[in-house]
Amino acid sequence: QCFEGIWVKRWTDAQQKLANRGSISVAHAPKGSVIVDGVLDEPVWRNAKVVEGLKTGEGEKPDFVTNFRVAEDGDSWYFAAEVFADAPRSKVTNRDGFLWEDDCVELAVATPKGDYYHFIVNANGTLYDACGMGVDFDYKGELKVVRTTDRYVVELRAPVKEMEFDT
């Protein structure tokens, strides 16, 4: 089951608002300090606060315990989700496929212009990316998914310039 609803509203604020779900803390990462490898061993991830109150699209608690963190370095956003699922459902393998039918991580990032970027990633590392509802958008950042016996980790870097944030 996907969880969704992490809405990052403004690039310039250290505290970002979740849509109707409280607030999250965004950790600052020195430039070049985050390696997108699906292993959350950098100091920024150890020190970043876990986002509380994640919900599914239906407003329910996710089926799996999920630790979600957010960081930025001035040039990029970094998102990390650690999903504790020993056998996640991950059948979709084609990019921009119906990933919401799998167990997945879903993220929507709103820009100050009112657009939003939509990312869905399953435990196979398959990506759905869109700008609004337009799947012709192709994300050019970095993505890595690592599976272990009891979890999968999604780590994503989203360049600010690609997502047209006014910084």
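**Notebook: rings, cavity, pocket and loops**

I began with the aromatic residues and noted that ring pairs link F68, W77 and F79 into a cluster. I record here that the model is a predicted one.

**Entry: aromatic pairs**

How many aromatic pairs does a search of the whole structure find? I counted four. I then took up W77 and F79, whose rings are stacked, with 6.1 Å centre to centre and 15 degrees between the planes. The angle of 15 degrees falls in the stacked class because planes under 30 degrees apart are assigned to it. I also looked up the accessibility of this pair and found both W77 and F79 buried.

**Entry: overall architecture**

I listed the secondary structure of the protein chain as one helix and 12 strands. Read from the N terminus, the order of elements is β-β-β-β-α-β-β-β-β-β-β-β-β. The chain has 167 residues, and 50% of them count as buried. I looked up the contacts in the protein chain with a separation of 6 or more; residues 24 or more positions apart account for 55% of them. For the surface, I noted about 8300 Å² exposed by the protein chain, with carbon and sulfur atoms supplying 48% of that area.

**Entry: the largest cavity**

I searched the whole structure for cavities of 30 Å³ or more and recorded two. The largest cavity holds about 80 Å³ of space. Which residues line the largest cavity? I wrote down F68, F79, A80, A81, V105, L107, F119, V121, V154 and L156. F68 and F79 thus appear in this lining and also in the ring cluster with W77.

By class, I found 10 nonpolar residues in the lining of the largest cavity, with no polar and no charged ones. I next asked which strands supply at least two residues each to this lining. They are β7, β8, β9 (116-122) and β12 (152-159). Of the elements, β7 gives the most, with three residues.

**Entry: the second largest pocket**

I turned to the second largest pocket, for which I noted a volume of about 190 Å³. Its lining consists of V50, V51, E52, G53, L54, K61, P62, F64, V65, T66 and N67. I sorted this lining by class and obtained six nonpolar, three polar and two charged residues.

From this lining I picked out L54 and N67. These two residues are 13 positions apart in sequence, and their C-alpha atoms are 9.2 Å apart in space. I located L54 in the loop between α1 (43-47) and β5 (55-56). Is L54 buried or exposed? I entered L54 as buried, because its relative accessible area is 10% and the class requires a value under 20%.

**Entry: D96**

I looked up D96 for its backbone angle: phi is near 65 degrees, a positive value in a residue other than glycine. Where does D96 lie? I placed D96 in the loop between β7 (76-83) and β8 (104-110). Both of these flanking strands, β7 and β8, supply residues to the lining of the largest cavity. D96 has a relative accessible area of 22%, so I entered this residue as partly exposed, the buried class being kept for values under 20%.

How values were computed:
Residues numbered from 1 in each chain as written. Predicted model: local features only at pLDDT ≥ 70, side-chain atom pairs only at ≥ 80, totals over all residues. Heavy atoms only, no water. 1 Å grid on protein atoms, 1.4 Å probe; cavity = no way out; pocket = protein on both sides within 12 Å on 5 of 7 lines; lining within 4 Å. Points joined across faces, edges and corners; volume = space filled by probe spheres on them. Nonpolar A, V, L, I, M, F, W, Y, C, P; charged D, E, K, R; others polar. Phe/Tyr/Trp six-rings, centres within 6.5 Å; stacked < 30°, edge-to-face > 60°. Buried < 20%, exposed > 50% of the residue type's maximum accessible area, 1.4 Å probe, protein only. Helix = DSSP H or I, 4+ residues; strand = E, 2+ residues; numbered from the N terminus. Contact = heavy atoms within 4.5 Å. Areas by Shrake-Rupley, 256 points an atom, 1.4 Å probe, with all protein chains shown as cover.
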